[in-house]
2 protein chains.
Amino acid sequence: MDRPRRPTSADVAARAGVSRSTVSYVLSGSTQHSFPQATRDRVLLAAAELGYTPHAAARALRRGTSGVVLLVLADVPIGANLGSMLAEMTTAVAATGRSLVTWTGGVGPTLRETLAHLDPVVVLTMAPLAPAEADAVGNAGIPLVAMPYAGSATQTVGPAAPSRGELQVGALQLQHLAAHGHRRVAVLTVAEPRLALFAHGRVEGVRRAALDLGLDQPPVLALGEPDDAAVEAVAQALTGWVRGPAPVTALCCYNDLYAAVALAAAARCGLRVPQDLSVAGIDDDPLGRFLAPPLTTIRFDFRDTARAVVEQVAAVLEGAPLPPPGPSSQVLRVVERASVGPPPAR
Amino acid sequence: MDRPRRPTSADVAARAGVSRSTVSYVLSGSTQHSFPQATRDRVLLAAAELGYTPHAAARALRRGTSGVVLLVLADVPIGANLGSMLAEMTTAVAATGRSLVTWTGGVGPTLRETLAHLDPVVVLTMAPLAPAEADAVGNAGIPLVAMPYAGSATQTVGPAAPSRGELQVGALQLQHLAAHGHRRVAVLTVAEPRLALFAHGRVEGVRRAALDLGLDQPPVLALGEPDDAAVEAVAQALTGWVRGPAPVTALCCYNDLYAAVALAAAARCGLRVPQDLSVAGIDDDPLGRFLAPPLTTIRFDFRDTARAVVEQVAAVLEGAPLPPPGPSSQVLRVVERASVGPPPAR
DNA sequence: ACGTGTCAGTGAATCGTGTGACTACGCTAG
DNA sequence: CTAGCGTAGTCACACGATTCACTGACACGT
């Protein structure tokens, strides 16, 4: 059951009555050589008739570059805004004559295999890579570029090195609440191991910002699956937190989903949002604005980043050695809605 | 500014004091040749010391296959469940010694370019491809496999050929409402051109199911951006629909986001959900269960599909000619929550 | 007639790997 | 002595596109 062999440039040459060199020159539109229109037409016609497509591997071998840009994504859901950044980056990369594809690594399969298959000219990464994976990229002689959000392309030490973006988003969340007058907040985070790195970074960002502002270190509650049991758990924690002499007046949530859990829990406790309790999310999930009350959140404005990243990629390929991770602050933006207000007067 | 050249098998050979062939045989673990342990060790050591990685393009050229599986995604946000399917498929494909990468096409860049860069062994597609793109795949001699959801791999005619999955999901939505006793429903869809194919399929699914069940054809409202204006528009339409002798008692929404818009609009009109109006979404957005009331929705259970698709890919590569699109019905599941109930008694 | 220049096009090397065909050698059985 | 065999390893080609260096042929000016 053999597929009919795909046509090669030799087939085109034979059909057009010219040499392979001529085919190559004509099809690549080289300005080095000029061919009379008649010859050019013969070649183009033959190529079209045969449905000739140059063999990618052969071309890559000869040229020395594959033209593939590989974006490594963490094994996490891709939200709407990340999705549109992806589309934007794809077009931007395409404009440089290269192709962007993404690999959703996860834990099981090794990045090494994929590198061997693709031979990308550069690897982009959204989150810091594990040392073994970063080594794989380095050994293959492939430049590794971190998205501004990631901060650094590889984990420096252990699993506990959060990316810059995570730290900043946590800090921004707390700063926004502090600006509204909150002095005592709590953190709602997630326990799932897959998300540990993200979660830890965000919590750590809140902690450090609290430290900087001279606030108490916030109590932290880690949740499992976001289900009814989680709502119950949060409700229970809330009743404890809002009692006592120094009650918690605001909640930093891991993302908008967990903020929704918090809203449900607050409703169950009879706490009004934001009068009794302010709630801040992260991610600007499109659904957030239709919650009751509409959710104040922090948005990653990835789209602005896309162009910058692509430029960085181009620069690296020109030979620029190590571009410093660009400023990522402008990427984050507080989206103010009704779920955050001033703390209750005492 | 030239990067240090990456080591080739010739470098390894020189370092180990053997020929290139020996290096190749040893590293590929061929059983054709047997080499004494000492030689084998020398080669392996040299390769390790140099950090040798075989050149992907050269290998692909020689082998005649790149080992890359390309998944073409539509330019739409990737939800949580689609994301986990992606991870699952990646591992499953990796287990067959190939690599799965995804390309988020969108409108601008051509798939053709990417095919030329990657030379995939097979192209998977989530939604039917435009004829031009399908041709590009076919001309390159690459088998094209449709995910069960897509139904067929290429649009048959015009932009108006919805995929099977879309039709089914719309039908399922209406059937569920009909099972609850609703006789007159309305449809809330989306006007964005990017989503036109999806939107049209879902609406069409609802329409045909209504026809089959002998119900009236539902009125349709197409919304722009899901914002406050959209809420207003829906509220206005609702007041019209629920008046009169045969009032609308349920809403089929394009997805959970638009269902949330509907909930907000219903609240504004003073309509209670589900007592006065039932609302059904699509996608099982994780946030849906935390809306008030929790949203009844339809879930694409992609994870069950992953293995099946990968098996299909393997089959195609073995030479099986054209696998019929598998049954996709089990992929869809109604998730019953509180936003759908019986219609109000008249 | 000669040097120079341009046009139209070709030959052959090159990229790095994988592998079937082959050699060189030592040993043993007949 | 030699045919036969197993071991240890090498040679050289193939994969397909690209591109440098080159050849004829012709035109032009002196």
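Guide: Helices are DSSP runs of H or I with at least four residues, numbered from the N terminus. The model discussed here is predicted.

Visitor: Which helix gives the most to the surface near DNA strand D?

Guide: Four helices each supply at least two residues of this surface: α2 (20-28) and α4 (56-63) of chain A, together with α2 (20-28) and α4 (56-63) of chain B. Among these contributors, the greatest share is five residues, and it comes from α4(A).

Visitor: Which element gives the most to the surface near DNA strand C?

Guide: Polar contacts place chain A at this strand: an N or O atom in the side chain of Ser21(A) is 3.2 Å from a base nitrogen, and one in Thr39(A) is 2.9 Å from a phosphate oxygen of DNA strand C. The elements giving two or more residues are α2 and α4 of chain A together with α2 and α4 of chain B. The top contribution is four residues, from α2(B).

Visitor: What percentage of the atoms of DNA strand D within 4 Å of the protein belong to sugar or phosphate?

Guide: Both parts of the strand are approached by side chains. Thr22(B) has an N or O side-chain atom 2.3 Å from a phosphate oxygen of DNA strand D, while a polar side-chain atom of Arg20(A) lies 3.2 Å from a base oxygen. Of the atoms of DNA strand D within 4 Å of the protein, bases hold the rest once sugar and phosphate have taken 50%.

Visitor: What percentage applies to sugar or phosphate for DNA strand C?

Guide: A base oxygen of DNA strand C lies 3.1 Å from a polar side-chain atom of Arg62(A). Among the atoms of this strand within 4 Å of the protein, those not in sugar or phosphate belong to bases, and the sugar or phosphate part is 46%.

Visitor: Which five residues come nearest to DNA strand D?

Guide: The strand has 27 residues around it. By class these comprise 10 nonpolar, 11 polar and six charged residues. Those that come nearest are Ser9(A), Tyr25(A), Arg62(A), Ser19(B) and Thr22(B).

Visitor: How many charged residues does the surface near DNA strand C have?

Guide: Of the 26 residues around DNA strand C, Ser19(A), Thr22(A), Ser9(B), Tyr52(B) and Arg62(B) come nearest. By class, the surface has nine nonpolar and 12 polar residues, and the charged ones number five.

Visitor: What relation connects chain A and chain B?

Guide: Chain A is laid on chain B with an RMSD of 0.3 Å by a turn of 180° and a shift of 0.1 Å along the axis. That is therefore the relation of a two-fold axis.

Visitor: Which residue of chain A comes closest to the rotation axis?

Guide: The same surface serves both copies, since 98% of the contact residues of chain A recur in chain B. Within chain A, the C-alpha that comes closest to the axis lies at 2.3 Å and belongs to Ala57(A).

Visitor: How many disulfides are counted over all chains?

Guide: A disulfide requires two cysteine sulfur atoms within 2.5 Å. The cysteine sulfur nearest to that of Cys252(A) is that of Cys253(A), 7.5 Å away, and Cys252(A) is in no disulfide. Cys253(B) is likewise in none, with the sulfur of Cys252(B) nearest at 7.5 Å. Over all chains the count is zero.

Visitor: Does Cys252(A) count as buried or exposed?

Guide: Buried means under 20% relative accessible area. Cys252(A) has 1% relative accessibility, and therefore counts as buried.

Terms used
Residues are numbered from 1 along each chain as its sequence is written. Chains are lettered from A and ligands numbered from 1 in the order in which they are written. This is a predicted model: local features need pLDDT of at least 70, side-chain atom pairs count only at pLDDT 80 or more; totals for chains, interfaces and linings use all residues. Side-chain values use heavy atoms; hydrogens and water are left out. A residue is near a molecule or strand if one of its heavy atoms lies within 4 Å of it. A polar contact is a pair of N or O atoms within 3.5 Å; within protein, one must be able to donate a hydrogen and the other to accept it, and residues adjacent in sequence count only if both atoms are side-chain atoms. Ala, Val, Leu, Ile, Met, Phe, Trp, Tyr, Cys and Pro count as nonpolar, Asp, Glu, Lys and Arg as charged, and the others, Gly among them, as polar. Copies are superposed by least squares on the C-alpha atoms of residues with pLDDT of at least 70 in both. Contact means heavy atoms within 4.5 Å. Buried means under 20% relative accessible area, exposed over 50%, partly exposed in between (1.4 Å probe, protein chains only).
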